[in-house]
Amino acid sequence: QGYYTRRGGVGESGDFITSPEISQVFGELIGIWYISEWMAMGKPNTFQLVELGPGRGTLTDDILRVFNQLASVLSKCDVSVHLVEVSPKLSEIQAMMLTGGKVQPNAEDKSAYMKGVSKTGIPIFWYRDIQDVPPGYSFYLAHEFFDALPIHKFQRTEKGWREVLVDIDPEVPDQLRFVLSPSRTPATQNFIQPEETRDHVEVCPEAGVIVQRLASRIEKDGGAALVADYGHDGTKTDTFRGFRNHKLHNVLRAPGTADLTADVDFSYLRKMAQGRTATLGPIKQREFLKNMGIDLRLQVLLQNSGDTATREQLLHSYDMLMNPEKMGDCFNFFALLPHQRLVHPDKKDKPESKSPLPPVAGFNELLLK
Ligand code: SAH
């Protein structure tokens with residue numbers, strides 16, 4: 001039914017709320033992450049910021065504000081923004097947020113369907129597929145993107161692996177039901193790892209294909225990818241669920257009207273990078289944000305805000321992002337980085353010949369010079 005292409009309710013008035021919609025600090029710290037990686041990689045004179053599934057555009061807007069505040073640092077760097085979005089409604093909301101509505105349909109260039117210029121003067125392009133984004137040194141971002149992609153579900157039975165399929169419920173209108181495949185399916189043969197120990201497994205092959213593409217691009221053209229989502233490292237089983245109006249919703253009822261989501265299996269993403277890049281994480285959101293200096297940023301914002309309502313809002317949103325019982329523990333950060341970002345290529349031969357590489361912020365404490 002195409003939830004994202006027809007409805008796509010991100011935000012307070014929609015079906016689910018995300019970290020960038022809760023606090024500006026989230027996007028600001030991610031903006032700092034990119035600057036810190038750009039510096040660590042020797043300040044290349046151009047980069048593309050590529051976001052997959054930008055929702056309302058809030059995260060990119062917060063990142064671009066940081067880039068603008070640090071304009072003196074980035075002054076010699078040519079930055080462009082590339083958004084991969086399938087939802088016509090959300091791309092309009094993004095255009096409004098980022099450019100104030102000043103966009104043009106882009107007929108002459110077949111790959112980007114829309115283009116515009118950000119409020120801070122940075123060119124922005126919209127695409128439907130990561131493959132359409134031009135090659136080049138790129139920083140990729142996927143926040144609550146992979147969990148939105150479709151999964152296969154599998155159940156171990158006495159007769160071996162069976163695929164959990166979705167069928168029409170003949171008794172109830174607008175209701176689906178789960179059925180088990182009577183025999184093995186192509187998916188059970190292709191997507192279950194031989195060493196699998198769980199009895200129920202969810203696999204998102206589309207996420208695997210996208211990670212393969214990101215890893216190849218980073219290996220070839222340089223850059224990094226930051227993935228943040230709720231997920232696990234290959235341990236969880238049945239996580240498929242729906243959200244409608246901020247409440248859990250039966251995934252089989254009224255198809256197309258609720259956000260469907262499944263936890264991201266980071267161990268699968270790591271495997272799909274196929275050693276083309278190094279990977280870091282998953283690390284818990286509260287550890288990542290702490291390493292990025294969220295406490296200091298909160299203190300500064302508290303000091304600068306005069307009224308009690310704003311201060312309360314700041315403290316409340318900090319708690320939402322950091323509290324282990326809210327978003328602090330279940331959300332994770334994961335990164336793809338070129339191998340040479342973590343180990344000097346010639347380290348084996350001449351270990352002492354180069355200065356040490358700076359640690360990757362977020363996964364370690366931020367050290368901005
Ligand atoms: N990153 C945003 C929104 C997350 S919701 C935030 O954190 O607030 C998921 C986003 O992915 C939406 O923008 C949705 O339209 C987009 N999306 C879903 N499936 C997609 C696909 N196959 N290709 C590109 N974008 C997709």
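The following exchange goes through the ligand site, the sheets and two buried residues of a predicted model.

Trainee: Which residues come nearest to the ligand?
Mentor: The ligand has 19 residues around it. By class, this shell holds ten nonpolar, five polar and four charged residues. Those that come nearest are Thr18, Gly53, Gly55, Glu85 and His143.

Trainee: How far is the side chain of Thr18 from an oxygen atom of the ligand?
Mentor: Thr18 is among the residues that come nearest to the ligand. An N or O atom of the Thr18 side chain faces a ligand oxygen atom, and the distance is 2.6 Å.

Trainee: Which residue has a backbone N or O atom 2.8 Å from a nitrogen atom of the ligand?
Mentor: Two side chains supply polar atoms to ligand oxygen atoms: that of Thr18 at 2.6 Å and that of His143 at 2.5 Å. The backbone atom that lies 2.8 Å from a ligand nitrogen belongs to Gly53.

Trainee: How much of the accessible area of the ligand does the protein cover?
Mentor: A polar side-chain atom of His143 lies 2.5 Å from a ligand oxygen. On its own the ligand has 570 Å² of accessible area, and the share covered by the protein is 93%.

Trainee: Why is strand β1 described as largely enclosed by the rest of the structure?
Mentor: Strand β1 covers residues 46–52. A residue counts as buried under 20% relative accessible area. The strand is largely enclosed because the number of its seven residues that are buried is six.

Trainee: Which residue of β2 is the bridge partner of Thr46?
Mentor: β1 and strand β2, residues 78–84, run parallel and are joined by seven bridges. In β2, Thr46 has as its bridge partner Asp78.

Trainee: Which residue of β6 is the bridge partner of Leu49?
Mentor: β1 also pairs with strand β6, residues 138–143. That pairing is parallel and has five bridges. Within β6, the partner of Leu49 is Phe139.

Trainee: In the open sheet of four strands, which are the edge strands?
Mentor: The order of this sheet is β9-β8-β7-β10, with antiparallel pairing. An edge strand pairs on one side only, and this holds for β9 (176–180) and β10 (200–203).

Trainee: What is the average twist from one strand to the next in the sheet β9-β8-β7-β10?
Mentor: The sheet is open and its four strands pair in the antiparallel sense. From one strand to the next, the twist averages 30°.

Trainee: How many residues lie between β7 and β8 in their hairpin?
Mentor: Strand β7, residues 152–157, pairs with β8 in the antiparallel sense over five bridges. In this pair, Lys153 stands opposite Val164. The number of residues between the two strands of the hairpin is two.

Trainee: Which residue of β9 stands opposite Asp167?
Mentor: Strand β8, residues 160–168, pairs with β9 over five bridges in the antiparallel sense. Leu165 has Val179 of β9 as its bridge partner. Opposite Asp167 stands Arg177.

Trainee: Which residue of β14 stands opposite Phe243?
Mentor: Three strands form an open antiparallel sheet in the order β13-β12-β14. Its edge strands are β13 (247–249) and β14 (259–261). Strand β12, residues 241–244, runs antiparallel to β14 and is joined to it by three bridges. The residue of β14 opposite Phe243 is Asp259.

Trainee: Is Glu202 buried or exposed?
Mentor: Glu202 has its place in strand β10. The cut-off for a buried residue is under 20% relative accessible area. At 10% relative accessibility, Glu202 therefore counts as buried.

Trainee: The side chain of Glu202 has a polar atom 3.1 Å from which residue's backbone nitrogen?
Mentor: The Glu202 side chain also makes a polar contact of 2.6 Å with the side chain of Thr239. The backbone nitrogen at 3.1 Å is that of Phe240.

Trainee: What distance separates the C-alpha atoms of Leu74 and Asn45?
Mentor: Leu74 is found in helix α5, residues 71–74. At 7% relative accessibility it counts as buried. Leu74 and Asn45 are 29 residues apart along the chain, and the separation of their C-alpha atoms is 8.8 Å.

How values were computed. Residues numbered from 1 in each chain as written. Predicted model: local features only at pLDDT ≥ 70, side-chain atom pairs only at ≥ 80, totals over all residues. Heavy atoms only, no water. Near = heavy atom within 4 Å. Polar contact = N/O pair within 3.5 Å; in protein donor to acceptor, adjacent residues only side chain to side chain. Areas by Shrake-Rupley, 256 points an atom, 1.4 Å probe, with all protein chains shown as cover. Nonpolar A, V, L, I, M, F, W, Y, C, P; charged D, E, K, R; others polar. Pairing = 2+ DSSP bridges. Axes fitted to C-alpha atoms, helices over the stretch in contact; angles between N-to-C directions. Buried < 20%, exposed > 50% of the residue type's maximum accessible area, 1.4 Å probe, protein only.
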